[in-house]
Amino acid sequence: MATKPPKGDPVQDAPQVAEPQHAAAGLPAIGHTLRVAQRQMGVKRTMLTLLSVNQKNGFDCPGCAWPEPEHRHKAEFCENGAKAVAEEATLRRVTPEFFAAHPVADLATRSGYWLGQQGRLTHPMFLPEGGTHYEPVSWERAFDIIGEEIAACDSPDESVFYTSGRTSNEAAFLYQLFARELGTNNLPDCSNMCHESSGSALSETIGIGKGSVLLEDLHKADLIIVAGQNPGTNHPRMLSALEKAKAGGAKIISVNPLPEAGLEKFKNPQTPQGMIKGAALTDLFLQIRIGGDQALFRLLNKLILAAHNSASGAGRGAVDEDFIAEHTHGYEEFAAAARAADWDETLTATGLTRADIEQALDMVLASRRTIVCWAMGLTQHKHSVPTIREVVNFLLLRGNIGRPGAGVCPVRGHSNVQGDRTMGIFERPAPAFLDALEKEFGFAPPREHGYDVVRAIHALRDGRAKVFFAMGGNFVAATPDTDVTEAAMRRARLTVHVSTKLNRSHAVTGARALILPTLGRTERDLQGAGEQFVTVEDSMGMVHASRGRLEPASAHLLSEPAIVCRLARRVLGENSVTPWEEFEKDYATIRDRIARVIPGFEDFNARVAHPGGFTLPHAPRDERRFPTATGKANFTAAPVEYPRLPEGRLLLQTLRSHDQYNTTIYGLDDRYRGIRNGRRVVMINPADGRRLGIADGSYVDLVSEWKDGVERRAPGFRVAHYPTAPGCAAAYYPETNVLVPLDATADTSNTPASKSVVVRLEQSATD
Ligand SMILES: Nc1nc2c(c(=O)[nH]1)N[C@H]1C(S)=C(S)[C@@H](COP(=O)(O)OP(=O)(O)OC[C@H]3O[C@@H](n4cnc5c(=O)[nH]c(N)nc54)[C@H](O)[C@@H]3O)O[C@H]1N2
Ligand SMILES: Nc1nc2c(c(=O)[nH]1)N[C@H]1C(S)=C(S)[C@@H](COP(=O)(O)OP(=O)(O)OC[C@H]3O[C@@H](n4cnc5c(=O)[nH]c(N)nc54)[C@H](O)[C@@H]3O)O[C@H]1N2
Ligand SMILES: [Mo]
């Protein structure tokens with residue numbers, strides 16, 4: 001049996017595994033934050049920068065999309081926000097000399113961690129066809145190259161314009177405007193891999209693809225269900241909201257295959273009391289099997305209906321009949337499906353006990369105001385859309401949408417991913433949005449749908465897309481089926497990345513490639529009309545300004561809006577009807593246009609000047625109005641699905657460690673899970689280990705099995721026996737993306753099913 005990592009391991013990691021922890025944040029988190037930040041920024045810059053994160057006059061944390069409270073602390077950031085800031089505000093630099101010393105072939109052998117640690121990009125760089133090294137290039141020449149390649153295409157639809165979710169509202173609005181004026185809706189974004197399933201399910205059922213709660217609702221709730229989310233790592237500031245909710249008497253149910261430390265106990269670093277004792281958060285932990293959530297909510301719905309109809313009267317009123325009669329559609333069909341839910345099947349699908357579910361039901365019935373929060377644990381499965389629709393059914397049944405303390409709360413990832421969508425970054429734009437664009441700008445935007453992420457990879461692979469342009473992100477590392485995707489990317493004529501830091505996507509290029517270095521959130525943005533700010537929208541629909549204060553990492557950087565404006569002028573030329581020059585000079589003029597095109601942004605410039613910004617309208621939340629096809633909130637009745645495992649296989653979820661931001665690796669530790677100094681770790685249940693003969697500490701290859709018969713392999717993972725649900729394994733993304741088949745996606749949303757990959761574990765070959 002192999003007991004050492006295989007030779008030639010690209011990351012050179014040697015994971016050590018100890019017991020997982022049971023509480024998050026507190027003193028160790030503060031020490032860790034300062035150490036990481038000072039390593040990148042030095043002491044003075046660390047203090048200056050961290051104190052303006054999320055302040056009313058400061059910049060929006062480039063970490064997650066969790067909203068800021070009305071009364072802010074001096075230190076309104078978390079450990080992982082500080083890491084995100086430190087990564088951007090680092091003093092390390094990737095200069096033309098660096099590229100001269102490192103051919104692309106060398107960069108392609110480096111780990112994502114190594115690439116990221118090299119620092120901030122300082123110059124526009126160009127890789128000519130057949131070239132071995134990136135060379136410095138002027139901005140003008142860079143835009144000419146893009147112009148040449150786009151002009152050489154047979155149709156605008158041969159270009160693809162990807163967006164990652166850090167892009168500001170202003171930049172996103174210009175970017176989609178440019179793509180549409182060029183003539184394409186090929187605007188895939190990271191959302192396609194993230195909350196697309198939430199957007200699909202919510203638009204259909206409540207009429208808007210966004211969450212219906214505000215921060216104060218969490219504080220008022222009686223019951224908060226957190227399903228498929230690890231806030232201790234990915235949304236640490238949410239723990240303060242959960243703590244406050246608990247202090248107000250709320251109960252919390254966590255639904256997760258893993259016992260996540262942050263949900264067990266929170267030691268609030270902002271209060272002395274919290275630092276010492278900490279607050280227990282979870283009242284009931286439902287250790288569900290991967291993909292069992294739809295079955296769980298379906299059965300709860302059956303039980304709520306049964307309680308309502310019971311003779312004893314205990315559950316009388318469990319169903320909000322008035323709300324259902326007045327505001328919903330499809331109740332009868334849904335109720336029939338719910339009544340047919342089967343206990344045994346649910347226990348199989350979820351791996352839970354009858355007692356677990358009955359206890360959850362008691363808590364549900366005792367709550368007058370319920371919120372369900374979720375993230376990637378619900379969105380990245382084949383049946384994610386019906387799963388989230390079942391969550392909506394569950395809330396509608398008791399009238400838990402559109403009143404204080406209740407509602408749906410999909411917790412977004414990237415800090416402006418929700419805003420980018422609002423600004424029109426979407427491959428399937430609504431006709432009303434295109435009409436408004438046409439009216440304001442006087443050109444006819446294309447109406448056919450464009451490529452989402454998975455379809456863009458298909459198009460590149462098949463030669464239907466030739467120019468790939470990315471506004472941020474790390475496309476080849478974040479997307480599924482790494483080998484297939486990388487081969488597809490190499491077929492492009494030109495790949496362009498607007499980036500702050502070096503990453504894998506710069507090393508896997510088309511025939512020609514450009515790196516366009518840009519300002520980050522923390523940096524001062526000076527344009528013709530003076531210092532500019534940008535705006536973002538958080539996970540709860542609050543829009544506010546973000547102002548960087550630091551000197552830019554290099555004098556050669558352009559802001560994202562400036563890059564789009566210059567690109568548009570070069571590509572669209574004299575024919576363009578849009579005042580790109582004016583937009584670049586003064587972002588207020590962009591906001592004036594947004595105000596005229598996008599509902600809810602009326603008087604944008606004046607309202608965003610208000611400290612803390614403003615809240616976008618949300619019809620279901622504000623007035624219990626549901627702008628769906630039926631004009632009502634829609635109950636749905638999809639068949640229950642759950643993953644079925646062939647004998648001897650495990651279901652693998654690919655998730656985040658505590659030391660990463662998506663494909664940006666901050667370090668090699670996952671402190672709360674007890675894992676240190678390595679990322680090639682697979683967590684499995686000890687009983688599965690014994691059954692399959694896979695010892696703790698041994699090394700295995702993960703082999704994914706999919707109906708196309710192709711064997712996808714990720715070699716050399718250290719096994720950690722871990723308290724995950726039986727049959728369920730977990731390993732970090734992006735290392736495991738090689739295992740996710742390109743076509744294994746969620747129905748309707750087409751999101752890669754990266755939380756339910758069927759794998760077998762093979763002992764790694766010893767050398
Ligand atoms: N520090 C940091 N912050 C981040 C990010 C980061 O990488 N680092 N990424 C940002 C982004 S883009 C996003 S989208 C969010 C992601 O935030 P999360 O969704 O919290 O991220 P994941 O690590 O993917 O964790 C998924 C959680 O779902 C659970 N889970 C997996 N499968 C199932 C299932 O079938 N059912 C249930 N009930 N649970 C399941 C996992 O055990 C895990 O706890 O975080 C954002 N914030
Ligand atoms: N297997 C698996 N795959 C997944 C997931 C999973 O859970 N499992 N999660 C999916 C999810 S939820 C998401 S959101 C995607 C993330 O996909 P992406 O958003 O594409 O990936 P990131 O790693 O967030 O992108 C990091 C890069 O963004 C650039 N960057 C950082 N800040 C800025 C900025 O201000 N401007 C610009 N222009 N560039 C900047 C840097 O160069 C950095 O290297 O991955 C998805 N892929
Ligand atoms: Mo995400």
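Between which two domains does the second largest pocket lie? In this predicted model, residues of domain 3 (95-185 + 433-595) and of domain 4 (196-410) both contribute to the pocket lining, so the second largest pocket lies between them. These two belong to a division of the protein chain that also includes domain 1 (13-21 + 650-763) and domain 2 (27-88).

The second largest pocket holds about 1300 Å³ of space. Its lining is made up of 40 residues, and those closest to the pocket centre are Gly207, Ile208, Gly209, Lys210 and Ala430. Four helices each give two or more residues to this lining, namely α9 (196-206), α22 (417-422), α23 (431-441) and α31 (619-623). Sorted by class, the lining residues of the second largest pocket comprise 18 nonpolar, 13 polar and nine charged ones.

Domain 1 and domain 2 can be taken next. The distance between their C-alpha centres is 30 Å. Contact between them involves eight residues on the side of domain 1 and eleven on the side of domain 2.

Turning to the sheets, it helps to recall that strands of a sheet pair through backbone hydrogen bonds, either parallel or antiparallel. One open sheet has six strands with mixed pairing, in the order β6-β5-β18-β17-β16-β7. At its edges stand β6 (135-136) and β7 (159-163), each of which pairs on one side only. Within this sheet, strand β5 (residues 125-127) is joined to strand β18 (residues 512-517) by three bridges in the antiparallel sense. Leucine 127 has alanine 513 in β18 as its bridge partner.

A further open sheet has three strands, ordered β21-β22-β23, and its pairing is antiparallel. Here β21 (534-537) and β23 (614-615) are the edge strands, each with a single partner strand, so one side of each has no neighbour in the sheet. Two bridges link strand β22 (residues 542-546) to β23 in the antiparallel sense. Across from methionine 542 stands threonine 615 in β23.

Helix α8 (residues 169-182) has a place in the description of both sheets. In the three-stranded sheet, α8 lies across β21 and β22, and the helix runs at about 90 degrees to β21. In the six-stranded sheet, α8 lies across β7 and β16 (467-471), this time running at about 165 degrees to β7.

Two details of the backbone round off the picture. Most residues other than glycine have a negative phi, and most peptide bonds are trans. Against that background, asparagine 677 is not a glycine, yet its phi is positive, at about 60 degrees. Asparagine 677 sits in the loop between β28 (675-676) and β29 (681-684). The other detail concerns tyrosine 733 and proline 734, which are joined by a cis peptide bond with an omega of about 5 degrees. Proline 734 is found in the loop that runs between β32 (728-732) and β33 (757-763).

Technical notes. Residues are numbered from 1 along each chain as its sequence is written. Chains are lettered from A and ligands numbered from 1 in the order in which they are written. This is a predicted model: local features need pLDDT of at least 70, side-chain atom pairs count only at pLDDT 80 or more; totals for chains, interfaces and linings use all residues. Side-chain values use heavy atoms; hydrogens and water are left out. On a 1 Å grid over the protein atoms alone, a cavity is a set of points where a 1.4 Å probe fits but cannot get out, and a pocket is an open set with protein on both sides within 12 Å along at least five of seven lines; lining residues have an atom within 4 Å of a point. Grid points are joined across faces, edges and corners, and a volume is the space filled by probe spheres set on the points. Ala, Val, Leu, Ile, Met, Phe, Trp, Tyr, Cys and Pro count as nonpolar, Asp, Glu, Lys and Arg as charged, and the others, Gly among them, as polar. Domain bounds come from an automatic or database domain assignment. Two strands pair if DSSP finds at least two bridges between them. Contact means heavy atoms within 4.5 Å. Axes are lines fitted to C-alpha atoms, for helices over the stretch in contact, and angles run from 0 to 180 degrees between N-to-C directions.
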